[in-house]
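Please examine the sequence and the structure shown below. The report that follows describes one helix and the sheet beside which it should be viewed.

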Amino acid sequence: MSDSANTPESPLPHAPGATQPTRAKGEPRFPDGPKADPAGSHFERRIRSFQPRRSRVTAGQADALQRLWPKWGLDIDGSRALDLPDLFGNDNPVVLEIGFGMGEATAQMAAADPDTNILAVDVHTPGQGNLLNLADRNGLSNVRVGNGDAIILLREMLTPDSLDGLRVYFPDPWPKKRHHKRRLIQPEFLTLAATRLKPGALLHCATDWEEYAEQMLDVLTAHPDFENTQADGGFAPRPDFRPLTRFEGQGLDKGHVVNDLLFRRVPHADQPPAGV
């Protein structure tokens with residue numbers, strides 16, 4: 001699971017001897033599906049925490065994108081503020097997940113907690129199609145799939161105190177030191193996220209990159225808008241609601257260490273703590 005991106009240019013598999021469909025230059029890959037660059041050049045250029053990569057879209061994923069995107073998909077274009085109750089059709093709590101990979105864990109969490117809405121954001125087209133497929137097959141009406149830059153979503157399209165939680169599982173660790181500035185969990189990101197999280201909302205991060213985990217812990221601990229849920233100020237045990245993914249299990253078998261971080265949004269400066 002990662003916040004890395006994808007541009008869906010690869011062809012779908014086709015039967016031997018079949019003629020491969022052709023598209024005019026500039027014609028969208030999925031006319032009724034996610035846009036290639038929904039925000040375009042409307043916002044300032046900045047260092048991003050994801051990078052484009054190519055990956056094949058299967059026939060099933062393509063079908064889900066065409067069929068379900070108008071119903072459950074959202075292009076992050078920064079053009080309007082979202083009405084989350086209208087988006088989901090109810091007033092249930094909304095958790096934002098940034099970077100969901102192929103969506104298996106997202107679908108499991110949505111099935112286990114149907115009274116919580118999940119707005120899952122990624123730019124990986126096969127993963128978008130796969131999650132839509134899983135949601136459709138399992139009747140998960142509490143999932144919406146966002147396509148585009150999560151920073152634009154937070155800054156331009158979500159209103160203050162609109163989120164009940166934020167999940168960032170296995171983001172790109174950008175291991176080279178010169179690329180550390182691209183890591184998502186930075187003070188500036190946390191300051192932005194804090195404006196959209198309700199007081200008491202849970203920010204949950206997980207990574208199998210130990211050095212990044214330590215940086216996350218340092219940055220979150222130092223941020224005035226968040227407090228660690230762990231009394232010792234350290235990492236948290238993996239909570240039951242975060243499924244163990246196949247990728248994560250393979251890493252654990254190889255001796256990788258996975259660290260979870262569970263921090264809460266503190267009350268606003270003018271708001272007394274709960275119970276006071």
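Helix α4 has 13 residues and reaches 18 Å from its first C-alpha to its last, close to the 18 Å expected at 1.5 Å a residue; the expected span is 1.5 Å times one less than the number of residues. Helices (H or I, at least four residues) and strands (E, at least two) are DSSP runs, numbered from the N terminus. The model is predicted: local features need pLDDT of at least 70, side-chain atom pairs count only at pLDDT 80 or more, and totals for chains, interfaces and linings use all residues. Residues are numbered from 1 along each chain as its sequence is written, and side-chain values use heavy atoms, without hydrogens and water.

Because 11 of its 13 residues are buried, α4 is largely enclosed by the rest of the structure; buried means under 20% relative accessible area with a 1.4 Å probe, protein chains only. Among the buried residues are Thr125, Pro126 and Leu131. Their cover includes the elements tabulated here, where contact means heavy atoms within 4.5 Å.

| Element covering α4 | Residues |
|---|---|
| α1 | 59–72 |
| α3 | 104–112 |

The cover also includes β3 and β4. Helix α4 lies across these two strands, running at about 170° to β4; angles run from 0 to 180 degrees between N-to-C directions of axes fitted to C-alpha atoms, for helices over the stretch in contact. After α4 comes Gly139, with a positive phi near 65°.

Both strands belong to an open sheet of 8 strands with mixed pairing, in the order β1-β4-β3-β2-β5-β6-β8-β7; two strands pair if DSSP finds at least two bridges between them.

How values were computed
Buried means under 20% relative accessible area, exposed over 50%, partly exposed in between (1.4 Å probe, protein chains only).
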